[in-house]
Amino acid sequence: MRGEFKVRGGKLVSVDVESDGEVVTSAHVFGDFFLEPDDALEDINAAIIGQSVDATGAEISAAIDHRLASRPEPVELIGFDSGAVAIAVRRALGHATSWDELTLEVIEPVVLPPVMHVALDEVISQEVAAGRRNPVLRIWDWDSPLVVIGSFQSLRNEINPEGAQRHGIGVVRRITGGGAMFMEPGNCITYSLVVPTSLVEGLSFEQAYAYLDDWVLGALGDVGVKARYVPLNDIASEQGKIGGAAQRRFANGVLLHHVTMAYDIDATKMGEVLRMGGEKLSDKGTRSANKRVDPMRSQTGMSRDAIIEAFLEHFRGRYATQPSAYTEEELETARGLVESRFGTQEWTARVP
């Protein structure tokens, strides 16, 4: 059984393993990485042999580290680490998933009330978990302004009610953590990615964000934006922050990952609706809320629709995909969630 893992910004790690159904009986690690001294590869292989086929990534990684630490001379792993080997082993044993194993359904933009998209994040995640859908990439589009706050944010601390009322902007709370999304029609690009949690098996939360955002960095490059990932969950260009991501891992083995990127935000209005104090801005290297988010329009000269189409083209070229659409049953379930939860003051103000 073979497993592979490409370290982001590093090298490819592959492993062939055999087992007797209970423990690993044979292991051969290989790839385009560097290792000094080179005979340490024998120790890496030996550390994997004898591991339970149900061993966690952390257990496999710890076994490798312990074996290498017992050598008389230091060992240097270049372009990879024991965690990367552990992920490759877990994939070989069928416990982790790679992009190559997935066919993703792509749902192109459909204009809906923004609160419906918040509800659809939960609906689509449950559909994927139940096996009624493949993993999904869907692009949001909306017909009215709304601020979407993170699951754990304080409504009172995040929103200036006078500013929100003056500009006719509502507020809804989503099911993921992170910060507020200031959404007016056409002002940003938002997508949700629903995948099996096994796709990020063995990755830390920080690594999982970078791993799932990697494709959009390539897509931004296609439209002329030189972007980079900034831990924990930001995407930035040479001109400043472009957007941010949020995640939720469900107990049923599904991960929701969504990203909002600024296209052409009215920063003055955003500053009047959101409470953005100095502490929140302190790690962004800026003193002004008006300079916090750098719109993509100024960097690309492209329309929002053209950028979205370029993103979809990049995604389809990178992964196996199939076109899809929302079902009437999913939309009806989402409407019910809006009425019972997401559209209620009890939910929105649950963290006052």
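User: Taking Ala, Val, Leu, Ile, Met, Phe, Trp, Tyr, Cys and Pro as nonpolar, Asp, Glu, Lys and Arg as charged, and the others, Gly among them, as polar, how do the residues lining the second largest pocket divide?

Analyst: The lining divides into nine charged, six nonpolar and three polar residues. This is a predicted model, in which local features need pLDDT of at least 70 and side-chain atom pairs count only at pLDDT 80 or more, whereas totals for chains, interfaces and linings use all residues. Residues are numbered from 1 along each chain as its sequence is written, and side-chain values use heavy atoms, with hydrogens and water left out.

User: What counts as a pocket here?

Analyst: On a 1 Å grid over the protein atoms alone, a pocket is an open set of points with protein on both sides within 12 Å along at least five of seven lines, whereas a cavity is a set where a 1.4 Å probe fits but cannot get out; lining residues have an atom within 4 Å of a point.

User: How much space lies in the second largest one, and which residues lie nearest its centre?

Analyst: The second largest pocket holds about 420 Å³, the volume being the space filled by probe spheres set on grid points that are joined across faces, edges and corners. Of its 18 lining residues, Lys6, Arg91, Ser98, Trp99 and Tyr211 lie nearest the centre.

User: Which element gives the most to that lining?

Analyst: Strand E1 does, with five residues. Strand E1 (2-6) and helix H7 (205-222) each supply at least two; helices (H or I, at least four residues) and strands (E, at least two) are DSSP runs numbered from the N terminus.

User: Trp99 and Tyr211 again: what sort of aromatic pair do they form?

Analyst: Rings of Phe, Tyr and Trp (its six-membered ring) pair if their centres lie within 6.5 Å; planes under 30 degrees apart count as stacked, over 60 as edge-to-face and the rest as tilted. The count by this rule is nine aromatic pairs. Trp99 and Tyr211 form a tilted one, at 6.3 Å centre to centre and 35° between the planes. The pair links distant parts of the chain, 112 residues apart: Trp99 is in the loop between helix H3 (82-92) and strand E6 (103-112), and Tyr211 is in helix H7.

User: Buried or exposed, those two?

Analyst: Both Trp99 and Tyr211 are buried, that is, under 20% relative accessible area, with exposed being over 50% and partly exposed in between (1.4 Å probe, protein chains only). They also belong to one aromatic cluster with Phe5, Tyr191, Trp215, Phe311, Phe315 and Tyr319.

User: Different topic. Why is strand E11 largely enclosed?

Analyst: Strand E11 (residues 188-196) is largely enclosed by the rest of the structure because nine of its nine residues are buried.

User: Which strands pair with E11 in the antiparallel sense?

Analyst: Two strands pair if DSSP finds at least two bridges between them. Strand E7 (residues 136-142) pairs with E11 over four bridges in the antiparallel sense, with Leu137 opposite Leu193. Strand E15 (residues 254-262) is also antiparallel to E11, over nine bridges, and there Pro196 has Val254 as its bridge partner.

User: And what is the strand order in the open sheet of three strands?

Analyst: The order is E9-E8-E10, with mixed pairing. Strands E9 (170-173) and E10 (181-183) are the edges, each pairing on one side only. Strand E8 (residues 146-149) runs parallel to E9 over four bridges, where Ile149 is matched with Arg173.

User: Where is the cis peptide bond with omega near -10°?

Analyst: That bond runs from Glu36 to Pro37, and Pro37 sits in the loop between strand E4 (34-36) and helix H1 (40-48). A cis peptide bond also joins Pro231 and Leu232, with omega about 5°.

Definitions and conventions:
Nonpolar A, V, L, I, M, F, W, Y, C, P; charged D, E, K, R; others polar.
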